[in-house]
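Here are a few short exercises to work through with the model open beside you. Try each task before reading its solution.

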Amino acid sequence: MKILLLEDDEATRAHLERLLRAAGHVVDACATGQDAIFLGSSGDYAVLILDRMVPGLNGLGALKALRAAGVRTPALFLTAMTGIEDRVEGLEAGADDYLAKPFAASELLARVNALARRPPIAETVTTLQVADLTLNRIKRTVTRGGTRIDLQAQELKLLEYLMLHAGEVVTRTMLLENVWSFHFDPRTNVIESHMSRLRAKVDRGFGQELIQTVRGAGYRLDG
Amino acid sequence: MADALRSAPIRSAAFRFALLLGLVFAVGAAALLLVVQQQIDGYAREATDGGLRAEAAILKGEYAQLGLSGLTDAMDRRRELGEEAQFRYLLSDAAGRRLYGDLPGEAARPGWNTIEVIEENATSETMTSLGTRLPDGLLLVIATDNFDVRNMRDRLLRFTLLSGVGIALFAVLGGYLTGRLFLRRLDRVNLAVDRIIEGDRSERLPMIGFGPEFDALARNLNRMLDRNTAAMEALRQVSTDIAHDLRTPLTRLHQRLEQMRESEPIDPAMVDEALGQTDEILATFQALLRIGTAEGGVGRQRFRSVDLSELMDRIHLAYEPVAEDAEHGLTADHQAGVVVNGDPELLAQLLTNLIENAIVHTPLGTRIVSRLYHRDGRPIVEISDDGPGVPVHEREKIFRRFYRLDVSRSTKGTGLGLALVAAIAALHRAELDTPDERTGFSVRLTFPDLYPGQ
C-alpha cells in the first residue's frame, strides 16, 4: 500500500523507508509539515505516518490542517515523548494511533496494517466469523463448530479484537492498549496468561489451531 | 554579602516610623494648643466683660441712691484694696473734666474699648474698658487689665512647646534604640542567609523575636529551606543513581556488541540480548520521565471522575491469571461505586505496579489481596500480601528511585516502580503509607474526600 512518511531525522527516515519498502509498501517521505500537507492532501495514501516533533510546522499541526481540509486518511503518530498528555493531544488532533519511539519494526508494521484495514469492519457488524469460530457481538457469545464456548469478559474482548483483525499480526502492545486500556508496558505476562487460557478454550480439542504466535511480533488469528 | 541592611540604625524603618510618630505628635500638640488658647481667650473675655458689666451696674446703683459722694466713696473703698484692686476708674463730667480716677484722659469714651495705660514704673499695660453714661452728663469708665489671661496663655504656650519637643526627642531616641535592636536581630538573620548563600545547606534562620508573627515568618522560611534542601539532595541523588544504574546495562550492551563483532556469522540470540539491554535502558528512561512529569504536577488539569471500582475490577481480572500462573493467590474485595478525581491511565499504572510488585517479589503460594473501601468519606486502596514483608527501617526508602531491597536485587526491574507509585499518588494528593502488618507487606493509598462536607 502507499504510505506517506513525515520524519525530520534523516537516519530514522531512511531506516523507516527501508523497513516499510521491505514489507512491500510504497513510501513517499518528507521532512517538513508543509510538505506533508501538500502531499497528504492528494488523498491517495492508505496511511500517514507522522513524526510529532519536526521543525517548523510539526506533525500535530500538519495533521490538524489535513483533517480540516477533509482528508480522512488513517494517521499514525510517532513520538519520542512518553507522556499521556502527548497521546491525548495527538488523538484529539485526529490521529488514529500513536506509537512511542523507539519501537520494534514489527510493531510499526502491525499498526500500519491495522490502520489501513480499519474501514472494512464497521462497528455495526454484529457477528464475527473466522473458519468455524463465531462471535456474536451483541449477545456476547462464542461458538465453534456449533459448540458453545464459555469465555470470561476479558477473554471475549481479547478474542473479539483478534477476530476484528483476523489475518493480521496484532502485537502485545496493541492488545494491551485496546483490550485492557493499559498504556504502559507491564513487567508480567498479562497477555501470555490470558492468551493461554483463551487458546485452551477456543483451540484445544477442535483440531485446527486458529490463534498463531508470530515470533518476535505478536499473534495472528487465521482461518 | 547582604550588607545593605547592616547600616546605621538612623536609616532603619523603626527609626523612620518613630520620626513620623514624633512629627504627628508635634502637629497634634500645636493643634491642641491653638484650640485650648481659643477656648481660654473666649472664657477670659467673657469673665472680664461680665465683671466690668456687673461693676458698672453696681456703681450706677450707688450713684442713683447716694449721689456723687456715694459713688466716689464706693470707688474709694475698692481702691483701698491696693494691689488686689480689680478695677481702675475714671469719672468725668459733661464738660469732660476729670472728677475722679486715675485712668488717662483719652479713656473717657463710652462703650467697650481697649486702652493703653502707662504705669508708674513706665511699663505699658493693655486694658479693657467700659464707659457708662450716668444721669447729669457724667461718664463713668471702668477698666480692668488682661494680665491673668495673657499670663495663662504664655504658660500654656511654654508647656506645649516643652512637651512637644520632649515627646519628639523621646520618639527619636526610642526609634533609634528600636532600630538598633531590630538591626541587631536582623543582622543575625542576614548572617545566616550569607552562610546559606555561601553553600552551608544545613544553616537555618534564627528566630527574630519581637512577636509571634516574626517567628512564624522565620519558621516558614526555614521550612522552605528544608524543602529546597531536600529537593536538591534528591536531585543530586537521582543523577548519581541514574549514572550508577545505567552503567550495568550499558556495560553489558557494550560487551555484547564487541562479541558480535568477533563472531561470524552473527548469532541472532546475541542481537536479541543486545536489544534486550537497550530495552532495559529505555524502560528506565521512560519510567524516569513519567516520574518527572508526575512530580511536576503535569496532567492534573486533565483530571476527571474515575470509577476506581471499575478500574480495580478490570485490573484484577487482568492479573488474576498472571498471579495464577505465578502460583500466587490474587483476590479482590472492592466496594462498588468508589469514585476519585484523577487520571485513569496513571491510576491504572499505579495499581498494576503495586500488584506486579506483590507478584514478582514474593515467593510461590503468597496470597495477595486488593481492597477498595471508604473510610470517613475517603476512598482507600490497599494492596497487601502475606509474603516475607519489608523491614520497618526500609519501608520509607522503597519509594525512592532505584532503591532495591537486597533480596530483590536479582529480580529484573528498573527499581523505579514504587517511585512512580509515590509520584502518581502525590499527583492525586493521595496519602501513601505502609501499614504495619503482622505478616507480609501492605501499601495503602488514602485519596482525598471527593465531596467534603457531605
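**Exercise 1.** Does Leu364(B) count as buried or exposed?

*Solution.* The model is predicted: local features need pLDDT of at least 70, side-chain atom pairs count only at pLDDT 80 or more, and totals for chains, interfaces and linings use all residues. Residues are numbered from 1 along each chain as its sequence is written, with chains lettered from A and ligands numbered from 1 in the order in which they are written. Start with the cut-offs: buried means 20 or more other C-beta atoms within 10 Å of a residue's own, exposed 12 or fewer, and partly exposed in between, with C-beta atoms placed from the backbone. Leu364(B) has 7 such neighbours, so this residue is exposed. Its place is the loop between α6 (344-360) and β9 (367-375) of chain B.

**Exercise 2.** Compare the expected span of helix α3 of chain B with the distance between its end C-alpha atoms.

*Solution.* Helices are DSSP runs of H or I, at least four residues, and strands runs of E, at least two, numbered from the N terminus. The expected span is 1.5 Å times one less than the number of residues. For the 51 residues of α3(B) (212-262) that gives 75 Å, and the end C-alpha atoms are 75 Å apart, which agrees. Next, check burial: the number of buried residues is one, so α3(B) lies largely in the open.

**Exercise 3.** Which residues make the contact between α8(A) and α5(B)?

*Solution.* Contact means C-beta atoms, placed from the backbone, within 7 Å. Val190(A), Ser193(A), His194(A) and Arg197(A) of α8(A) meet Ala318(B), Tyr319(B), Pro321(B), Val322(B) and Asp325(B) of α5(B).

Terms used. Two residues are in contact if their C-beta atoms, placed from the backbone, lie within 7 Å.
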